[in-house]
Amino acid sequence: MILAVPASPDLFAARLYMKSPEANDRIAWNQGPPADCSDSEESGKPPWRLVLMGPPGAGKGTQAELLHQYLGACHLSTGDLLRSAASHPNCVQSPAMKAAQDLMSHGGLVPDSIVWDMVRERSACLRCPGGFLLDGFPRTVGQAEALTALMREEKLPLTAVVNYELPLPEIISRLSSRRTCRDCQSVQHFSAENEICNHCGGSLYQRDDDHPEAIAVRLKVYQRETAPLIEYYERFGLLVPVDATSSAAHVCARTVAALQHRLQTIA
Ligand code: AP5
C-alpha cells in the first residue's frame, strides 16, 4: 500500500477539500441486510481496515469522513447506527431498544450483546472489498475480542487501530459546542455566528448526550470500559497514536502520515 503524504499539512488540507466527496451511501450498514451498497466494487488496491479510537469528542467521526475521501474505505459508526435506529419511524421500539436509547442519552454504553448483534448482522460490511473505518466500535474488551475472532475467522487482518489523543478541556469544549443538522445530519461547531447549518441552512440541534451531565458520564465510561483497548491493541502491535489537536484537516494529514510510517515499518 502506498500513500502520497504531502510535506505540508496546509497543502494536504487544500487538496483534501478540493476533492469532491464520493458517493458512499452506506446502505448495507445503515439499513442492514438485505440492503446492498451501490459502490462496493473492488478498486484493485488493498483495502484499508481501520479502527478509529479515542475519547468522546476526539474527532473520530470527523476524521472518518475525511479519511473516507482520502482512503476510500467506508465510514461505519455504531453511534450513528444506534441513533438512526432509535429515530427511524419504522423502528420496532422493543424494550431492549428503548433501554438502549435511555442508556445512550445519559452517556452509558449500550450492552455488548445488542451492539454485537447489530455488527454481526452487518458483517458483510467488514468483508467489503472497499475496506472500512470503524468509528465507535469496539468500545469494550468484550467487543474487541468478538471483532478479533470474527476477523481471524474471515482471514481479514486489521490494517491498524488509530487512537486519537486530545486533552480533557478540548474534549469538553468540542462536545459542548457540537451541533447536528436536522436536515443533512452534518456535524458542526456551534457559535453565535453559526446558528444554522453551514451546508444546507437547516436547523441545528444538540445531541442529548452532549449536555454536561451526560458528557461527565461518557468520560468516566470511556476511562473504565474503552481506554483498556489501548493496551489491548498495543499488544497486537496495531496501535497508531495520533495527536488530535489543531484543525480537522491537519489531524487528517497527521493520520495519513502516521499510517504511512506504520506501513513502512511493517513492510
Ligand atoms: P458515538 O456516536 O460513537 O459517540 P462518541 O464515541 O462519544 O464520539 P462522538 O461522536 O461524541 O465524538 P467523535 O470522536 O466522533 O467526535 P466528532 O467528530 O463528532 O456513540 C454515542 C453513544 O452510542 C455512546 O455513548 C453509547 O451509548 C452508544 N454506543 C455507540 N457505539 C457503541 C458501542 N460500540 N458499544 C456500546 N455503546 C455504543 O467531533 C466532535 C466535535 O468536535 C464536532 O463538533 C466537530 O465538528 C468538532 N471537531 C472535530 N475535529 C475537530 C478539530 N480537529 N478541531 C476542532 N473541532 C473539531
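Let me begin with strands β1 and β3, which run parallel and are joined by four bridges. Within that pairing, L50 has L133 in β3 as its bridge partner. Please keep in mind throughout that this is a predicted model.

These two strands belong to an open sheet of five strands, with parallel pairing and the order β2-β3-β1-β4-β8. At the edges are β2, residues 74–77, and β8, each of which pairs on one side only. From one strand to the next, the twist averages 25°. As a general reminder, strands of a sheet pair through backbone hydrogen bonds, in either a parallel or an antiparallel manner.

Let me turn to the helices on this sheet. Helix α11, residues 228–235, packs on the sheet and touches β1, β4 and β8. The direction of α11 makes about 130° with that of β8. Helix α12 also packs on the sheet, where it touches β4 and β8; the direction of α12 makes about 150° with that of β8.

Which helix supplies the largest share of the largest nonpolar core? To answer that, I shall first describe the core. The largest nonpolar core has 48 residues, and those touching the most other members are L50, L52, C125, F132, L133, L134 and V162. The largest share, five residues, comes from helix α12, residues 248–266. You will recall L50 and L133 as the bridge partners mentioned at the start. As for C125, if we leave aside its neighbours within four places in sequence, C125 is in contact with A28, W29, C74, L76 and F132.

Helix α12 also meets helix α3. Two packed helices are described by the angle between their axes and the distance between the axes. The axes of α3, residues 60–71, and α12 come within 10 Å and cross at roughly 60°. The two helices are therefore oblique to each other, and α3 passes α12 in a right-handed crossing. On the α3 side, the residues at this meeting are T62, Q63, L66, L67 and Y70; on the α12 side, they are A248, V251, C252, T255 and V256.

There is also an open sheet of three strands, in the order β6-β5-β7, and here the pairing is antiparallel. Its edge strands, each pairing on one side only, are β6, residues 187–189, and β7, residues 204–205. Strand β5, residues 178–181, pairs with β6 over three bridges, and R179 stands opposite Q188 in β6.

Finally, I should like to draw attention to some backbone details. Most residues other than glycine have a negative phi, and most peptide bonds are trans. Where, then, does a cis peptide bond occur? One joins P33 and P34, with omega about 5°; P34 lies in the loop between α2 and β1. The bond from F137 to P138 is also cis, with omega near -5°, and P138 is placed in the loop between β3 and α8.

Two residues that are not glycine deserve mention for their phi values. Q185 has a positive phi of about 70° and sits in the loop between β5 and β6. S246 has a positive phi of about 80° and sits in the loop between β8 and α12. Is S246 buried or exposed? S246 counts as exposed because it has 11 C-beta neighbours inside 10 Å. Q185, with 14 other C-beta atoms within 10 Å, is partly exposed.

Key: Residues numbered from 1 in each chain as written. Predicted model: local features only at pLDDT ≥ 70, side-chain atom pairs only at ≥ 80, totals over all residues. Pairing = 2+ DSSP bridges. Core = buried A, V, L, I, M, F, W, Y, C linked by C-beta atoms within 7 Å. Buried ≥ 20, exposed ≤ 12 C-beta atoms within 10 Å, placed from the backbone. Contact = placed C-beta atoms within 7 Å. Axes fitted to C-alpha atoms, helices over the stretch in contact; angles between N-to-C directions. Parallel < 35°, antiparallel > 145°, perpendicular 65-115°, else oblique. Left-handed = near helix turned anticlockwise from the far one by under 90°.
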